[in-house]
Amino acid sequence: MKNPRKFAKTLSIGVAIVVVAGLVGFLVLTSPVTWSLTHPERDVADAGPADLKNGRTLFLAGDCATCHASPRQDDPLLLGGGRELDTEFGLFHMPNISSDPEHGIGGWTLAEFTRAMREGVGPGGILPDGQNLYPAFPYTSYQRMSANDVRDLFAYIKSLKPVASDVPDHELKFPFNIRRGVGVWRLVFLDGKASAPTSTKALKVAKNEADPMKPVVIDASPEAIRARGQYLVEGPGHCAECHSPRTFMGNIPDDLRYGGGPTPEGNGYFPNISPDETGIGFWSVNSTANYLLTGISPINKRAGGDMEEVIANTSQMSAADRYAMAVYLKSIKPVDRPAPGQPEPNHTSQVVMLPEAKAKEIVFPTSSENAVEEANTVYVMHTKSFFLDPANVGAAETSAEGSEDGKFLGGTELHVLGHDGDKVQVALEGWQMEGADSVVYAQKGQRIMQAVLADSAIEALDKGESVVDPDTEQTWTKVSLKGWTEVDGVLVDQPEMWQFTSNLFNSTCAACHTLPEPSHFLANQWIGTLGAMKRFTSLAPDEYRLLLAYLQNHAKDTAAAEEAH
């Protein structure tokens, strides 16, 4: 080599050029402007005044409140954001879309709102070309909306009460936390097309003055009814966004659209709503429309979870719009996609017997002895005997059923006091209800069972204050108890215990139900609700007990207290 210095300089310049070119290429490729330049311009809103009634219809169809209403309050029109969506990409925090000019979208222009809705680009960002929005905001469906409808929706949201609440930034994994990179996703998966055929006008219902109890008759052609349904379902309703599977890139495969898919959190399943036998093929148009009104399916199953909130909105829409949505859903391509755990339909002339159900071995997650030795608190995974005298733990003469001083039940929290080999001394704290001396409950007024006691354990209880529940006039007494048990069958990580039980809830109940949120019922209501379904499951007693503890500890009247704790 004649001149090493010159070669090194040339190489450095070459590398620098490549790096700069790559950076410029990345910025150009991911720029919102690039998407705008490569897609045709869309319609622009009329100059006329916004139609707030139509805006409210679109707000209901879009189920905006489910994601954006402020949590821990009952007014769906307070759009302060704050709800969390935990996905495989990371944790999304639903933004404030109230009319507040500082914390919400009150300072946005109509052009900015339209760009966000139909192009997935919001104002702000590091560069002046705008900020790519994550497709957790379903602009891939909202892009089908007309400019006038976007205007009406924007005007309706701005007519609602402003909410001054900050929402934290998304907490996403690498490389999904590079927001700029979403620009490439938009180039590939956002086509920018309007709904075809476009039908944004609300349908008229022909009134029957002689007999108002007769079914509604829509004053429109079958083609117009279906077109209206297509617009609502594919656009503001964004039904496919939940009821479809996604690839590893986060897009919906066209051939599986409406075929059902896992929830973003991964602990549930959105059902197939295509007109296939594995979906809603046996539903009539009228029963589908009725479901959007009442949340009750043709087999008398009630909507739960997020779908319950959707029904709270669609039930306020017009009968004509609900019917149009049902007509369209019954006309789309059927997708043969059974729900997890369900068999393929038998389309042959032969009788096919399902495999005989076999009892499965129950494998509860548990912590090692070393982990328990270092822990201050442990959580019971399955029913465990306890003894007042450590010498009786594991002894042959006390190993028979009924010889223990009591039993700890699944889900119970125990404080670790000491160790002796494979034995551990623990303390239980809870409440006793007057007249039920053999049971210790987790909370006052809530029948969340933690332990059942023999006479010896009842006598050994340390009793504290007694209070009268004003709602039931029952007397509850604070109690604590020390005892010994074997070191196995416990977990030191409560979130891991609840995650296991959440998965159990999904795998057991989602086959027949749209899962209700645990907070849908009160803690005491869950006893009868789950008990009524027990015979339809294959849950072993310890699985049932732990599942009940999970539901009760996350119920409407206990979840808030747990979060505060």
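**Stop 1: the nonpolar core**

Start by selecting Phe 59, Phe 113, Met 145, Leu 153, Ile 157 and Tyr 258 in this predicted model. These are the residues with the most contacts inside the largest nonpolar core, a set of 34 residues. Now colour the elements that give two or more residues to this core: helix H3 (52-61), helix H4 (64-68), helix H5 (110-119), helix H7 (147-158), helix H9 (222-234), helix H10 (239-242) and helix H13 (319-329). Which of them gives the most? That is H7, with five residues. Next, colour domain 1 (35-189) and domain 2 (222-330) separately; both give residues to this core, so it lies between them.

Stay here a moment and centre the view on Ile 157. Leaving aside neighbours within four places in sequence, Ile 157 is in contact with Phe 59, Leu 79, Ile 97, Ser 99, Ile 105 and Phe 113. Two of the residues you selected at the outset, Phe 59 and Phe 113, are thus among the contacts of Ile 157.

**Stop 2: helix H3**

Select H3 next. How many of its ten residues are buried? Seven are, and the helix is mostly covered. You can pick them out as Asn 54, Gly 55, Thr 57, Leu 58, Phe 59, Leu 60 and Ala 61. To see what these buried residues pack against, show H4, H7, H9, helix H12 (305-314) and H13.

Both ends of the helix are worth a look. At the start of H3, show the side chain of Asp 51: one of its oxygens reaches to within 3.1 Å of the backbone nitrogen of Lys 53. At the other end, H3 is followed by Asp 63, which has a positive phi, near 55°.

**Stop 3: a three-stranded sheet**

Now move to the open sheet whose three strands come in the order S1-S2-S5, with antiparallel pairing. Strand S1 (84-87) and strand S5 (171-172) are its edge strands, each pairing on one side only. Zoom in on S1 and strand S2 (residues 90-93), an antiparallel pair with four bridges. To find your place there, select Glu 84, which stands opposite His 93 in S2.

**Stop 4: strands S10, S13 and S14**

Further along the chain, select strand S10 (residues 377-380) and strand S13 (residues 413-420). These run antiparallel and are joined by three bridges; Val 378 has Leu 414 in S13 as its bridge partner.

Then add strand S14 (residues 423-433). Five bridges join S13 to S14, again in the antiparallel sense, and Gly 418 is partnered by Gln 425 in S14. The two strands make a hairpin with two residues between them, and in the turn you will find Gly 421, with a positive phi of about 65°.

Follow S14 to Gln 432. Is this residue buried or exposed? Gln 432 counts as buried because its relative accessibility is 4%, under the 20% cut-off. Its side chain reaches the backbone oxygen of Asp 437 at 2.6 Å. Beyond its neighbours within four places in sequence, Gln 432 has contacts that include Asp 437, Val 440, Leu 453, Leu 461, Trp 476 and Val 479.

**Stop 5: strand S16 and its partners**

One of those contacts, Leu 453, leads to the next selection. Leu 453 in S16 stands opposite Gly 406. Strand S12 (residues 406-408) and S16 pair in the antiparallel sense over three bridges. S16 also pairs with strand S15 (residues 439-443), running antiparallel with four bridges, and here Tyr 441 faces Met 449 across the pair. In the hairpin of S15 and S16, two residues lie between the strands, and Gly 445 has a positive phi near 85°.

**Stop 6: Asp 455**

Now select Asp 455, in helix H15 (residues 455-460). Asp 455 is exposed, with a relative accessible area of 60%. Add Asp 405 to the selection: the two are 50 residues apart in sequence, yet their C-alpha atoms are 7.5 Å apart.

**Stop 7: helix H17**

Finish at helix H17 (residues 523-533), where Ala 523, Trp 526 and Leu 530 are the buried residues. Look down the helix axis: these residues fall within an arc of 30°, so they line one face of the helix. Residues three or four places apart in an α-helix point the same way, because there are 3.6 residues a turn. To see what covers this buried face, show the elements that include strand S16 (446-453), helix H16 (494-509) and helix H18 (541-553).

Methods. Residues are numbered from 1 along each chain as its sequence is written. This is a predicted model: local features need pLDDT of at least 70, side-chain atom pairs count only at pLDDT 80 or more; totals for chains, interfaces and linings use all residues. Side-chain values use heavy atoms; hydrogens and water are left out. Buried means under 20% relative accessible area, exposed over 50%, partly exposed in between (1.4 Å probe, protein chains only). A nonpolar core is a set of buried Ala, Val, Leu, Ile, Met, Phe, Trp, Tyr and Cys residues joined through side-chain atoms within 4.5 Å. Domain bounds come from an automatic or database domain assignment. Contact means heavy atoms within 4.5 Å. The arc is that of the directions from the helix axis to the C-beta atoms. Two strands pair if DSSP finds at least two bridges between them. A polar contact is a pair of N or O atoms within 3.5 Å; within protein, one must be able to donate a hydrogen and the other to accept it, and residues adjacent in sequence count only if both atoms are side-chain atoms.
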